[in-house]
There are 2 protein chains.
Amino acid sequence: MSPAVPHRGDRLPLGIDEVLIDGGFWGTRQSVNHEATLEHCLGWLERLGWVANFDATAQGMGGPRNGREFADSEIYKVLEALAWESARTQDPQVEGQYQRLAARVVAAQATDGYLGTRFGGAGQPGRYTDLEWGHELYCAGHLIQAAVARLRTHGEDELVRAALRVADHVVATFGPEGIESVCGHPEIEVALAELSRATGRQEYLHQARLFVERRGHGVLADIELGRDYFQDDIPVRDATVLRGHAVRALYLAAGAVDVAVETGDRELLDALVAQWEATVAARTYVTGGMGSRHTGEAFGLDHELPPDRAYSETCAGVAAVMFSWRLYLATGQMRYADLVERVLYNVIATSPAADGRAFFYANPLHQRVHGAPVDPDGVSPRAASSQRAPWFQVSCCPTNIARTLAGLGGYVAAWHGQELALVQYMAGTIRTTAPDGSPVVLRVSTAYPEHGRVEIQVDQAAAGVALVLRVPAWAQGATAEVDGAALPVTADRVRVPLVAGSTIVLTLPVAPRWTAPDRRVDAVRGCVAVERGPVVLCLESVALPDGTDLHDVAVVPTTEPPRSSAEGGALVRAVRYAGAEADPLDVELRPYHQWGERGPTQMRVWLPQR
Amino acid sequence: MSPAVPHRGDRLPLGIDEVLIDGGFWGTRQSVNHEATLEHCLGWLERLGWVANFDATAQGMGGPRNGREFADSEIYKVLEALAWESARTQDPQVEGQYQRLAARVVAAQATDGYLGTRFGGAGQPGRYTDLEWGHELYCAGHLIQAAVARLRTHGEDELVRAALRVADHVVATFGPEGIESVCGHPEIEVALAELSRATGRQEYLHQARLFVERRGHGVLADIELGRDYFQDDIPVRDATVLRGHAVRALYLAAGAVDVAVETGDRELLDALVAQWEATVAARTYVTGGMGSRHTGEAFGLDHELPPDRAYSETCAGVAAVMFSWRLYLATGQMRYADLVERVLYNVIATSPAADGRAFFYANPLHQRVHGAPVDPDGVSPRAASSQRAPWFQVSCCPTNIARTLAGLGGYVAAWHGQELALVQYMAGTIRTTAPDGSPVVLRVSTAYPEHGRVEIQVDQAAAGVALVLRVPAWAQGATAEVDGAALPVTADRVRVPLVAGSTIVLTLPVAPRWTAPDRRVDAVRGCVAVERGPVVLCLESVALPDGTDLHDVAVVPTTEPPRSSAEGGALVRAVRYAGAEADPLDVELRPYHQWGERGPTQMRVWLPQR
């Protein structure tokens, strides 16, 4: 019951039925997703007629339809979210929403298996006549991911059977004898690989592999943005770093990891590891955000990381979690889980408003102006304001948040032989099964990340099983103990044999700390940031005295760490420039993921030093 | 014989027949324009079939045609360049090129005056059905500007008559009773205003004013880039700063100055002055370049001036010269001529290669990678490389350079009553007429900007006439003398009565100097630049020891000015980082306008300090 379940390799993630998140930072967000976001997305999809597109196609109406070429995918992502959520909560209302929506989608399927509302109907362009921009296989991929979620949580149903027919149609159309091309927007690759895992059918894996191998040979047209926009510039196994459209690059990389793992393609896996390393080293924000350019929603060059024009799309965060988690499962290296954590707390948690009904599409690290208010009942441009918006012209992010939060339990822990690795610290219960079939039950109590203490009560343990706890790279001075006895802490982990009735406590140092930028990142030279555990902090003008321009504030350099403030913030000494003068002014930083919640504001993560 | 000739206001620019540039920095560039660039542009326009579009329209062929929707405008800009150049050089070959090209354009005119190859023909979209993106009035504007050049240098001819019919058609179609809208790309405004000046016909001025006044009221559709993209967000007289697409904003502003001056609209002129001030203060690069964003080719917010992603389009430089020159003529303030100089030396001079057959479209201040070689015989994307390209998919810049260099003499000097103001220092001869009808002849000898001495021999003078020389704001310590006797130098000018036979020498301090950035420009915090007179210098990796990454070099802070080097460069003390070490390494900076001439290279204007 997990979004990614490798068949090969020796690390198996726990499912959402095994990781029960309850309260705390993420439990609250899962509840808001359940209570508000799913309904919110369904409402907008109806209101804008994007669901009705399927009804029209079912009735053979063809012609123009509502929304952009990828509108179908939003319905599919909500279906995936509903599938996870129905399994997670057993809520009959969610199950009903899933079934009603699935039925309308399935009704639109053509007799040969094709399913889509934009191409191939009367008065519409022909199928696959615009592989560069048409998003047909991208949409198919999201349908398949929804079906995989359903298959793993429920078993075969109408939607699953429809998705299998779609997959068969894709294999027949784009197989070795078929159209020798790929979709402008990767996504089908990861979807087909997971469908192969979920069904055991190898032809889906082979097709995923074919798509991965074809790309990079210039099979798509050379567009004005350049072929790197859709990663058709360099074959995946020859590339050294991610480039072009960030979401495309990351979805492709995630699918390529699946292909590499399932086919035992070590060379391909090594290439992807190298790409991840290079991308995280020089093309990733301190928030874990990826994508430095609005133009092409793209990665920049190495060290091109402007905070103010950071695109750092929410969906790139979702995709970075998918890619990094797969590399963790493939290698067991904790640094991939570190990146997952960074993205979860600073991108995934940043996008949705506290009420779950408004979202950031882009996640810049610097907001220069207060920004225009957002129409609380309107459709916004993608990346236009300092305020979260209810819906977008291109509205991939809200539905991506919904499916990620619903399936979040799938990214928390994994079995590796006799070791159970717990890599994300979320309050709740882990109820899993050891290799010998014995139940293992752990209760995790924590107010992380605001506080650094993670207490794990071992209610049931199995013989010979050890628990491995990730120690993040930032957590210098972390300590651990079991029933009061100290445990050794290595660079990135703590290992402790599981004994029923024992209590394990991991203490991570979440006091505020200064972070200096790489000297090669020109855009933040002379600045510092403050982090607190995995959480990046920021300064908002709403926290400054009335009338203060954020850009007149500079922090006073010091070797003392910043002081903690309530609600996970920090207090730092600063000055406010007023003409040639600089007056002292202490300022309070707050978690970046909360920014914008106090109204229109200027904001910055990187603070100039006096 | 000048691109801008106000009827009202009391400053009158000298024409290209009065300012004879000969040798030196600009004379060389005018010669290259004559020998290479004009032919180069004509060749590409033929090769790509953009001229043939007119033949097809003349034959009533309609249907699809070659190039983008604004392709016609490139032919018109070359016609304008040829018109100035024919008058400037009296070269019969240029005159022949003009006449042959003009004849093909004129042949395509419809009987009702409409002239264009993209709309209104059989199988084409209807006229004015896409005001947001169609560029029909933009193209008409460039045709009219070509006709104005011809009218002022030659008098009426076939092309002028065609343009008058076009203008009449525009007035009839978009007048008070006509379509109540504007063109997505401003240009018709400045063109109609100049046509009114050149013909004395008020209806063209009224139409220009109507277009200026309509814009900003949301008369165009709300596009994804936002209405500020084409300045339809705020009325011109209410705006406080330039925003949106830089070329559009600047062409509009230039036209609005013309309207304000000719109609005596002081409020409108004051608004434009305020917009210029705010834009130059916070939205302009040290090069004078404008446009901080690739997305929308747009101005950024205040102090959003990233050097690496600077768009700083060549055409925005052309338009900034047009806008600033008009404000100089309207007000006599030298700061406008200062900006013209900055743009001429660092944007206009930067775009064309020394051979006049390749161009920069964008003019970033930082090039991170050597960049892919450019196809010397191909069509390049707009802003993709560190190398100049022969032609672009959107190829507005080469033809804009051609017309600007051909008409350059029109931006050098102006009469203001009994004062002759010389505001740009170019070697050559000024042969003009005083208000009393007497000839005034000045010979300007200078190796400016490499050297700071400007010698003016007064061959003929008129009674009561004084010469005013601009002293740039950067020229602290400038001196002046007449026949060896010192002249007083005020903040921005020297004034000296003209006496035949005398020699006036202005000495501007062009030794290299450090320039510190505004502390609010985040993207260059902790950096310095070096300027030398009006010329911005830069460091290229081709000037570093083999294998040195430009980003490992930092300059050593010092209060000593940089030393001069040959060819207008400077030597500065620096270090090269190698791991934790920093080894001394002296580096030579060269004029930014020469960058890229030594092959693919990294480059930066703003240098990090150690």
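This is a short talk on the symmetry, interface, salt bridges and cysteines of a two-chain model.

Okay, let's start. One caution first: the model is predicted. Keep that in mind throughout.

Symmetry, then. Take chain B and put it on chain A. The superposition needs a rotation of 180 degrees, with 0.0 Å of shift along the axis. The RMSD comes out at 0.0 Å. The two copies are therefore related as by a two-fold rotation axis. Where does chain B come nearest to that axis, counting C-alpha atoms? At B:A523, whose C-alpha lies 2.2 Å from the axis. And the two copies use the same surface: of the contact residues of chain B, 100% recur in chain A.

Next, the interface itself. On chain B, 29 residues are in contact, and they meet 29 residues of chain A. The buried area between the chains is about 2400 Å². Carbon and sulfur atoms give 43% of that area. Which three residues of chain B supply more of its buried area than any other three? They are B:E224, B:R368 and B:R525, and they supply 27% of what chain B buries against chain A.

What about the chemistry of that surface? On the side of chain B that touches chain A, 15 residues are charged. Another 7 are polar, and 7 are nonpolar. Across the interface, the rule finds 10 salt bridges. It also finds 9 residue pairs in polar contact, with both residues at pLDDT 80 or more.

Two examples of bridges between the chains. B:D522 pairs with A:R604, at 2.5 Å from N to O. B:R68 pairs with A:E224, and there the N to O distance is 3.8 Å. The cut-off is 4 Å, so the B:R68 pair counts as a salt bridge.

Now widen the view. Over all chains, the count comes to 109 salt bridges. Here are two inside chain A.

First, A:R68 and A:E69. Their side chains meet at 3.1 Å, N to O. Are the two partners buried or exposed? A:R68 is partly exposed, with a relative accessible area of 31%. A:E69 has a relative accessible area of 19%, so it falls in the buried class, where the limit is under 20%.

Second, A:E203 and A:R201. The closest N and O atoms of this pair are 2.8 Å apart. A:E203 is partly exposed, at 31% relative accessible area. A:R201 counts as partly exposed too, at 29%.

Last topic: cysteines. How many disulfides does the structure hold? The total over all chains is 0. Look at A:C315. Its nearest cysteine sulfur belongs to A:C397, 3.5 Å away, and A:C315 is in no disulfide. Why not? The sulfurs would have to be within 2.5 Å, and this pair sits at 3.5 Å. A:C315 is also buried, with a relative accessible area of 2%.

Then B:C527. The closest cysteine sulfur to its own is in A:C527, on the other chain. That sulfur is 11 Å away, so the pair is too far apart for a bond. B:C527 is buried as well, with a relative accessible area of 3%.

To wrap up. We have two copies related as by a two-fold axis. They share an interface with 10 salt bridges. And the model has 0 disulfides. Thanks, that's my part.

Definitions and conventions
Residues numbered from 1 in each chain as written. Chains lettered and ligands numbered in written order. Predicted model: local features only at pLDDT ≥ 70, side-chain atom pairs only at ≥ 80, totals over all residues. Heavy atoms only, no water. Least-squares fit on C-alpha atoms with pLDDT ≥ 70 in both. Contact = heavy atoms within 4.5 Å. Buried < 20%, exposed > 50% of the residue type's maximum accessible area, 1.4 Å probe, protein only. Buried area = accessible area lost by both parts, 1.4 Å probe. Polar contact = N/O pair within 3.5 Å; in protein donor to acceptor, adjacent residues only side chain to side chain. Nonpolar A, V, L, I, M, F, W, Y, C, P; charged D, E, K, R; others polar.
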